[in-house]
Amino acid sequence: MAFTNFYLTDKGATLQARVQAGATLTFTKAACGKGDVPAGTLPTAMTALANKVKDLAISNIVRSGKTATIRMQFTNKDTTAFNWKEIGLYATDPVEGEILYCYGNCGANADAIPAGSSTLMEFTMNMVVQISTSTDMTLTIDDSLIYATNRDISAALPASGWVDKTGYFTQDVTAAAIVGTDKPILDFVHPDGAINKTLEKDWSKIYKIVSSEGKLTIYASAKPTSDFTIQVKVVR
């Protein structure tokens, strides 16, 4: 998406004035859309996206001087194909509640996003906004929107945690961001120092990892006798 400008909305400017007077600037969410700015309307006058497709999770905010970099996460899972034209950042106004703080529209430079059912896409993007050096900033993160984006998850597998399933053993790892359609890739963390043959032997017993809602299940052909740490790369 070729978003060259993000505009502070009129409501965002009002909130910014309140922030200058001592209010806290709390970013709540972002959103993407496929609409156009209505004819005769300035981007600064927008109070909502013209045609919102979905909310985006905000995962991080980094303050540097008079700018703040807002990191957002996108997945096209459960969406149909659309042309991504709009993006908006929302914040809480102490008087009006949640408002559209800033807005961008790339118009004809929109990217075509395929339906998630045909081509699954995930990525992060940053929005850089100008702020006051005196601004007290906070961030609201909706855990239900946070997902593992081709990233590593580390977890301990204690020897005492294996469950005998008659003929094989399993151990569950809680991972709130995991869903059943994830494709986990499993490895184990090698300890520093000399090669540990016992760990290598135990690792050879692991033969499968399966994802389900909120957890990963590790399968072993025989019970490992060592405590070790696994590293899982989650791909969606």
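Of the 236 residues of the protein chain, 42% count as buried. The model is predicted, and the following exercises examine its confidence, cores, strands and selected residues.

**Exercise 1. Overall composition and confidence**

Task: State how many helices and strands the protein chain has, and determine where confidence is lowest and where it is highest.

Solution:
- Step 1. The secondary structure of the protein chain comprises 2 helices and 17 strands.
- Step 2. Of the contacts between residues at least 6 apart in sequence, 75% join residues at least 24 apart.
- Step 3. The exposed surface of the chain is about 12,000 Å², and carbon and sulfur atoms supply 50% of it.
- Step 4. Mean pLDDT for the chain is 80, with 83% of residues at 70 or more.
- Step 5. Strand β10 (residues 136-139) has the lowest confidence, at a mean of 45, whereas β12 has the highest, at 95.
- Step 6. Over residues 133-150, pLDDT stays under 50; the model has 60 contacts beyond four places in sequence for these residues.

**Exercise 2. The nonpolar cores**

Task: Identify the residues with the most contacts inside the largest nonpolar core, and name the elements that each supply at least two of its residues.

Solution:
- Step 1. The largest nonpolar core contains 26 residues, and those with the most contacts inside it are F27, I70, M72, W84, L89, Y101 and M127.
- Step 2. At least two residues of this core come from each of α1 (10-20), β2 (24-33), β3 (52-64), β4 (67-75), β5 (82-84), β6 (86-93), β7 (97-105) and β9 (122-130).
- Step 3. Apart from this core lies another, of 20 residues, which includes L157, A220, I230 and V232.
- Step 4. For M127, with residues up to four places away in sequence set aside, the residues touched are F6, A68, T69, I70, M72, I87, L89 and C102.

**Exercise 3. Strand β2 and its partner**

Task: Establish how many residues of β2 are buried and which residue of β6 is the bridge partner of F27.

Solution:
- Step 1. In β2, 9 of the 10 residues are buried, so that the strand is mostly covered.
- Step 2. β2 pairs with β6 in the antiparallel sense, over 7 bridges.
- Step 3. Within β6, A91 is the bridge partner of F27.
- Step 4. F27 is also among the residues with the most contacts inside the largest nonpolar core.

**Exercise 4. An open sheet**

Task: Give the strand order of the open sheet formed by 4 strands, and identify its edge strands.

Solution:
- Step 1. The order is β12-β13-β16-β15, and the pairing is antiparallel.
- Step 2. β12 (163-164) and β15 (206-212) are the edge strands, as each pairs on one side only.
- Step 3. Between β12 and β13 (residues 169-174) there are 2 bridges, in the antiparallel sense.
- Step 4. The bridge partner of D164 in β13 is F169.

**Exercise 5. Three polar residues**

Task: Classify Q16, K205 and N60 as buried, partly exposed or exposed, and place each in the structure.

Solution:
- Step 1. Q16 lies in helix α1. Its relative accessible area is 11%, and because buried means under 20%, Q16 is buried.
- Step 2. The side chains of Q16 and Y101 are joined by a polar contact of 2.6 Å.
- Step 3. K205 occupies the loop between α2 (197-203) and β15. At 15% relative accessibility, K205 is therefore buried as well.
- Step 4. Setting aside neighbours within four places in sequence, K205 is in contact with Y219, A220, S221, A222, K223 and P224.
- Step 5. N60 belongs to strand β3. With a relative accessible area of 32%, N60 is partly exposed.
- Step 6. The C-alpha atoms of N60 and M72 are 7.5 Å apart in space, while the two residues are 12 apart in sequence.

**Exercise 6. Positive phi values**

Task: Describe the phi values of D78 and T166, and decide whether each residue is buried or exposed.

Solution:
- Step 1. Most residues other than glycine have a negative phi.
- Step 2. D78, which is not a glycine, has a positive phi near 70°. T166 is likewise not a glycine and has a positive phi of about 65°.
- Step 3. D78 is located in the loop between β4 and β5, and T166 in the loop between β12 and β13.
- Step 4. D78 has 75% relative accessibility and therefore counts as exposed. T166, with a relative accessible area of 71%, is exposed.

Terms used
Residues are numbered from 1 along each chain as its sequence is written. Side-chain values use heavy atoms; hydrogens and water are left out. A nonpolar core is a set of buried Ala, Val, Leu, Ile, Met, Phe, Trp, Tyr and Cys residues joined through side-chain atoms within 4.5 Å. Buried means under 20% relative accessible area, exposed over 50%, partly exposed in between (1.4 Å probe, protein chains only). Contact means heavy atoms within 4.5 Å. Two strands pair if DSSP finds at least two bridges between them. A polar contact is a pair of N or O atoms within 3.5 Å; within protein, one must be able to donate a hydrogen and the other to accept it, and residues adjacent in sequence count only if both atoms are side-chain atoms. Accessible areas come from the Shrake-Rupley method with a 1.4 Å probe; for residues, only the protein chains shown count as cover. pLDDT is the predictor's confidence in each residue, from 0 to 100.
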